[in-house]
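Me: I should like to understand the reasons behind the descriptions applied to this structure. Please take me through them.

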Amino acid sequence: SSARQAAIAAVTNYQTPQPESSATESTQDLFCANVFSKKVMKARLPKPIFKSLMATIESGKPLDPTVADVVAAAMKDWAISKGATHYAHVFYPLTGATAEKHDSFLTPDGDGNAVSEFSGSQLIQGEPDGSSFPTGGIRQTFEARGYTIWDVTSPAYLLENPNGMTLCIPTAFVSWTGEALDKKTPILRSMQALNTQAQRILKLFGHADGAFVASTAGPEQEYFLVDSHFYHARPDLLHAGRSLFGTAPPKGQQFDDHYFGAIPERVLAFMLESERELFKLGIPVKTRHNEVAPGQFEIAPLFESANIATDHQQLTMTTLKRIAEKYGMHCLMHEKPFAGVNGSGKHVNWSLGSSSQGNLLNPGDTPHENAQFLVFCAAVIRAVSKYQGLLRAVVASAGNDHRLGANEAPPAIISIFLGDQLTDVFDQVKRGGAESSIAKGTLTVGVDVLPPLPKDAGDRNRTSPFAFTGNRFEFRAVGSNQSISGPLVAMNTIIAESIDYCATELEEATKGDPEALHAAVQTLLTEIIQEHGSIVFNGNGYSEEWQQEAAQRGLLNMKSAADALPYLGAAAVSELFTKYGVLSERELESRRETYLEQYSLTVEVEATLTVDMARTLIYPAAVRYQNELATSCLNLKQLDLDYDGETLEEVSVLVKSLHESITQLQGFLEEAEGCELEAKVRHLCDAVLPGMLSVRKYADALEGIVADDLWPLPRYQEMLFVK
Ligand code: ADP
Ligand code: MG
């Protein structure tokens, strides 16, 4: 109770820190201030070298390694002029975290001086001792060599700390055998595959102009903020990132008064500073708002090329966490930190486009006439239908299991929402050909002073895991704590495969005759929508009926990560990834194993914490209260007064049940030891997680009875509402 009460007192006395001096600088001047941007490169590099680099960055041309020395020197001079002392290769291991290896620019010259050095080879390649990163069997610790390789397509940047600056270089992380140990390498490979296939469609339509077709991504990050004092008084938040105990407060989110509400001052101060920091790093943050649950917020940038968006997303997560601490808060990215209120997701908006052709999923006003758009769109429909299992598997994690299918997030069934206009067009296609598009119309409100608005062609559907939202698809099943790399790699590759299929069909049907294209497209679209139309669902994804209907349609319904993760081992998945050179069989297997391992580690830590907290915090509090009640009953009885035996009885029953449930959970945990990985994951999902819930049930019931001053853990009502 003392930790809890001290936390409450500290939160009540909190004072927002004074704003930084840079707070008044115009955000326009801040944008990219710490980025080795195109502008900086243009100013600091000799023209031919700048041109050569741009050909790689913008058109995917092979990197000329001879430019490295000059680029390294320019990068170093720029970084040192801004105050940097160190450089770091930044890489993205399979844990989903961001890893950095820092080196000093300074090298002693033997005469008591130090010279600053940074060569081309130091820029291009690093060798972190990455032997403790999970590799899923690719690397043994005795052959621990791993290399980081400069990714020129993602700009280098400076990371600021009050005590110094570090030049950060985004890199790919591979083993001595050249196998990907990270989340960046497959992104780059999948983008390359998508470009190759998309070019074929553009060529058929006479639009191939050499511009690189990149997949684009815009991730919307949801998160919770809790005061650090509460965070530190809750071992579960501290070590598992989510609360393993706690009763829902009487007032939760039922009033919807937090959603898009006014942002509290401390939170706004945190947001403003985070955004300034992100701007300096060239991250185009665009929107911020309160989310549905109390204490929940969202931040979203403008979309960027998938590779850069992924790096920026990682930076966004670390920046939010870092800045939150400055404001005495902790930023929780877990998918379900608090039971009973909404969890957090990360909607990943996805499209593809090039600098000259723009967004290839833009339907225009009359999509039925836009054959090229319809081909790309049909390719997506086919891909999602054919690889629904893979899409489910890449969003599977111990954390996301608490969210998917819990009537606050898309169900575990993957389907596509197309909206009225496109559904109508594809219905016509199915019947043999599309002749018309539902017009967009105008929205009038009946108030003269309000301007009329052009109306979107379709309403939104928040219950769909994969929704067309006007000019992109939004993959909504992604968890807030996940790297967006896995989902993007999956989307890029399955859609590359589908575009490959479409291009092959069209090329064969037209045999180079552009006149034959129109009829060939008709045939292709009709065939795709007839075969794969059952993936399209515009209704309520949260409903019970959908579960039944989806089963009738034969759609997959993998309810938990324990069901979904093994799907990464399916033959269709490894054929897909090897065919497009995105992941070899060993690389894929290493991922399957690593993610199963992470699931198992997560649940084991949570279960151990559950036992520990129940025994050392909750049980003692309950027994103390039981003792107080017992003493009071005895005293009253001696005085011949009425006493409350009922509450004592109630507490005693709960204390006993709590004790039994703890013993049972310990037993389940012991059974998990020694299991082979996949069987262990099954056991953790089927026995250990329900065992934890049973402990929680008794603990939460006790929270509702035990005297408030004896309760050791900050409660939901405090953590979610005291700001
Ligand atoms: P909402 O909450 O209504 O879905 P937001 O504005 O929060 O919308 O987020 C939409 C996201 O979609 C933004 O990150 C935006 O940049 C992104 N987006 C828009 N167009 C594209 C595109 N062509 N490709 C990828 N992402 C896109
Ligand atoms: Mg959205």
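Me: Where is Asp-640 placed, and why is Asp-640 called exposed or buried?

Reply: In this predicted model, Asp-640 sits in the loop between helix 20 and helix 21 (645–672). Asp-640 has 7 C-beta neighbours inside 10 Å. A residue is exposed if 12 or fewer other C-beta atoms lie within that distance, so Asp-640, with 7, counts as exposed.

Me: What makes the phi of Asp-640 a point to mention?

Reply: Phi of Asp-640 is near 65°, which is a positive value in a residue other than glycine. Cys-32 also has a positive phi, of about 65°, and is not a glycine.

Me: Where does Cys-32 lie, and why is Cys-32 given its exposure class?

Reply: Cys-32 belongs to the loop between helix 2 (27–30) and helix 3 (38–44). There are 19 other C-beta atoms within 10 Å of Cys-32. Buried residues need 20 or more, and exposed ones have 12 or fewer; Cys-32, with 19, therefore counts as partly exposed.

Me: How do you know whether Pro-410 is buried or exposed?

Reply: The count for Pro-410 is 27 C-beta neighbours inside 10 Å. The cut-off for a buried residue is 20 or more, so Pro-410 is buried. Pro-410 is part of the loop between helix 13 (388–393) and strand 16 (416–417).

Me: Which residues touch Pro-410, apart from its neighbours within four places in sequence?

Reply: Pro-410 is in contact with Leu-404, Thr-463, Ser-464, Pro-465, Arg-476, Ala-477 and Gly-541. One of these, Thr-463, is 53 residues from Pro-410 in sequence, yet the two are 5.2 Å apart in space, C-alpha to C-alpha.

Me: What makes Ala-434 buried or exposed, and where is Ala-434 found?

Reply: Ala-434 has 23 C-beta neighbours inside 10 Å. Since 20 or more are required, Ala-434 counts as buried. Its place is the loop between helix 14 (419–430) and strand 17 (442–443). Beyond residues up to four places away in sequence, Ala-434 touches His-368, Val-425, Gln-428 and Val-429. Pro-367 is 67 residues from Ala-434 in sequence, with 9.2 Å between their C-alpha atoms.

Me: Why is Val-384 placed in its burial class, and which element holds Val-384?

Reply: Val-384 lies in helix 12 (residues 371–386). With 25 C-beta neighbours inside 10 Å, set against a threshold of 20, Val-384 is therefore buried. Leaving aside neighbours within four places in sequence, Val-384 is in contact with Leu-391, Ile-414, Ile-416, Phe-466 and Ile-535. Val-174, 210 residues away along the chain, is separated from Val-384 by 29 Å between C-alpha atoms.

Me: Which residues touch the most other members of the largest nonpolar core?

Reply: They are Val-384 and Leu-565, in a core of 207 residues. Helix 20 (residues 585–638) gives the most to this core, with 14 residues. Apart from neighbours within four places in sequence, Leu-565 is in contact with Ala-393, Ala-396, Arg-592, Tyr-595, Leu-596 and Tyr-599.

Me: Which residues come nearest to ligand 1, and what is the make-up of its shell by class?

Reply: Of the 15 residues around ligand 1, the nearest are Thr-216, Gly-218, Phe-303, Asn-349 and Ser-351. Two or more residues each come from strand 9 (214–227), strand 11 (296–301) and strand 14 (346–354). Strand 9 has the largest share of the shell, with four residues. By class, the shell holds six nonpolar, seven polar and two charged residues.

Me: Why is the protein chain called as compact as a globular protein of its length?

Reply: The radius of gyration of the protein chain is 28 Å, and the globule rule gives 27 Å for 723 residues. The two values are close, so the chain is as compact as a globular protein of that length. Its secondary structure comes to 23 helices and 20 strands, and 49% of the 723 residues count as buried.

Me: How much confidence does the predictor attach to the protein chain?

Reply: The average pLDDT of the protein chain is 91, and 93% of the residues score at least 70. The model has an ipTM of 0.95 and a pTM of 0.94.

How values were computed: Residues numbered from 1 in each chain as written. Chains lettered and ligands numbered in written order. Predicted model: local features only at pLDDT ≥ 70, side-chain atom pairs only at ≥ 80, totals over all residues. Near = placed C-beta within 6 Å. Nonpolar A, V, L, I, M, F, W, Y, C, P; charged D, E, K, R; others polar. Contact = placed C-beta atoms within 7 Å. pLDDT = per-residue confidence, 0-100. Rg over C-alpha atoms; globule rule 2.2 N^0.38 Å. Core = buried A, V, L, I, M, F, W, Y, C linked by C-beta atoms within 7 Å.
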